[in-house]
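Dear colleague,

Here is the structure I promised to hand over to you. Please keep it open while you read, since my notes follow directly below it.

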Amino acid sequence: KTYYLTMANDGKLDEFFNVTMQLKLGRKAGDSKAIFDLSEQQLKIMNRIAEQETNWIVYPLFIVAEQFYQISKTGTTVADLERCSRTIHRSFNLCLNDRNPVLPKNRRIGCYMFANLEFQLYHKLQNRDMMKNLVKVLQSRNKEIPSLIQSLARYHKSHMVKYNYYMGEYYGCYESDFKKGYEYLNEALMDCSTDPSLRGKTKQIMILLVPMAILTRNRYLKVPEIYNSMMTSLKTGNLNLYEQQFRQNEIFYLNHGLYVAMSLIRELVALKLIKQCYTHYGRKNIIPLNIIHIGYSKSKQKSKQKPKKHAAVEEESLDHIECQLANLINKDLIKGYLSHSNRCIVLSKTNPFP
């Protein structure tokens, strides 16, 4: 096919062409500062061109913005990354604030693709505030902009996966909204499973998805290797094993924003242990706290050590167990109440562990 450019040339196209050729020559010369400056200038000119155009300009504009992002992330300073984010945010706003009443020509179809570039930049800058502001803008304007499946991203599934991943990370890791985080990440995983070219991203998604799936009472049969000990702990109520793997992977959890989620999963390991105490005590609805204390003591001892059968029960230990039980009752993980004076927990006779 032969295409003819029919838009009026008011000097912007000449300027864009000249900068593009300089950028091409600069990349051959390997001058990184000149390349960065020219790439920024190229996107700024493209933004000015896009102001007067309909949505046909969105994908070419994105290609220029993505090139600027790729140049910015290699060996540049924090200040350069911030410059890049400001210029790309201008491209995002050009799409977001398009008032064209003819919807098929509206530039809002490109919002999510430019949002993805911003998410990546804020991730590199470790700037949660800017990420939060961007999410707020997207959520507050969700009735005005097309849905993800109606946007330009639908033609590029990798962009849909990326958007759902970053939204899942934001809600699950930064806002501790595990239900919302799970929904976004699960959507990203489903898109990966239907596209062979995206299956390499599955492990990255699963690292965040598995803890959120557990906390929202969903399950996955296959989990990343790093969670093998955690899954064993959840099945057996082994607190020692859980705390051991937690200490080993603490930095990993912090770097991935999973520290809060993994701390909460410890409660589920403790819940499993309490269920075992309930079973071993004959499923009686009144359980003395010293019985649960014995279970805790055995669980926390290393496997090579023999459990102490007649360990003295300290009041401080019982207070600690009582606090944990109160927390589990408050979260509706246990149905019952505590009797402090009698040092026992009274469980519901019907479904004590909903």
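C344 counts as buried, because its relative accessibility is 9%, where buried means under 20% relative accessible area, exposed means over 50%, and partly exposed lies in between (1.4 Å probe, protein chains only). The sulfur of C344 is 14 Å from the closest cysteine sulfur, which belongs to C277, and this is too far for a bond, given that a disulfide is defined as a pair of cysteine sulfur atoms within 2.5 Å. A search of the whole structure in fact finds 0 disulfides. C323, too, is in no disulfide, and its nearest cysteine sulfur is that of C344, 16 Å away. Unlike buried C344, C323 is exposed, with a relative accessible area of 54%.

Before you go further, please note that this is a predicted model, in which local features need pLDDT of at least 70 and side-chain atom pairs count only at pLDDT 80 or more, while totals for chains, interfaces and linings use all residues. Residues are numbered from 1 along each chain as its sequence is written, and side-chain values use heavy atoms, with hydrogens and water left out.

Now to the chain as a whole. The protein chain has 15 helices and 3 strands, where helices (H or I, at least four residues) and strands (E, at least two) are DSSP runs numbered from the N terminus. Its radius of gyration is 27 Å, whereas a compact globule of 354 residues would have one near 20 Å; the radius is taken over C-alpha atoms, and the globule rule is 2.2 Å times the number of residues to the power 0.38. Along the principal axes, the C-alpha trace spans about 90 × 45 × 35 Å.

Of the 354 residues in the chain, 45% are buried. The chain exposes about 19,500 Å², and carbon and sulfur atoms supply 52% of that area; accessible areas come from the Shrake-Rupley method with a 1.4 Å probe, and for residues only the protein chains shown count as cover. If we take the contacts between residues at least 6 apart in sequence, 60% of them join residues at least 24 apart, a contact meaning heavy atoms within 4.5 Å. The chain carries 51 positive and 32 negative charges, and the mean positions of the two sets are 8 Å apart. Here Lys and Arg count as positive and Asp and Glu as negative, while His and the chain ends are not counted, and the place of a charge is taken as NZ of Lys, CZ of Arg, CG of Asp or CD of Glu.

Several single residues are also worth finding in the viewer. Q324 is part of helix α15, which covers residues 315–330, and Q324 counts as buried at 18% relative accessibility. Leaving aside residues up to four places away in sequence, Q324 touches R266 and Y296.

G237 sits in the loop between α10 (228–236) and α11 (239–248), and with a relative accessible area of 1% it is buried. When residues up to four places away in sequence are not counted, G237 touches V269, K272, L273, Q276 and S299. M131, by contrast, is 106 residues from G237 along the chain, and the C-alpha atoms of the two are separated by 37 Å.

P288 belongs to strand β1 (residues 286–288) and is partly exposed, with a relative accessible area of 25%. Among residues beyond four places away in sequence, P288 touches Y281, R343 and C344, the last of these being the buried cysteine with which I began. From P288 to H256 there are 32 residues in sequence and 40 Å in space, C-alpha to C-alpha.

M21 lies in helix α1 (residues 12–29) and is partly exposed, its relative accessible area being 36%. L38 is 17 residues from M21 in sequence, and their C-alpha atoms are 9.8 Å apart.

Finally, which backbone angle should you look at in Q126 and N351? Q126 has a positive phi of about 55° although it is not a glycine, and N351 likewise has a positive phi of about 55° without being a glycine. Q126 is placed in the loop between α5 (111–125) and α6 (128–140) and counts as exposed at 71% relative accessibility, whereas N351 is in the segment after β3 (344–347) and counts as partly exposed at 47%.

With kind regards
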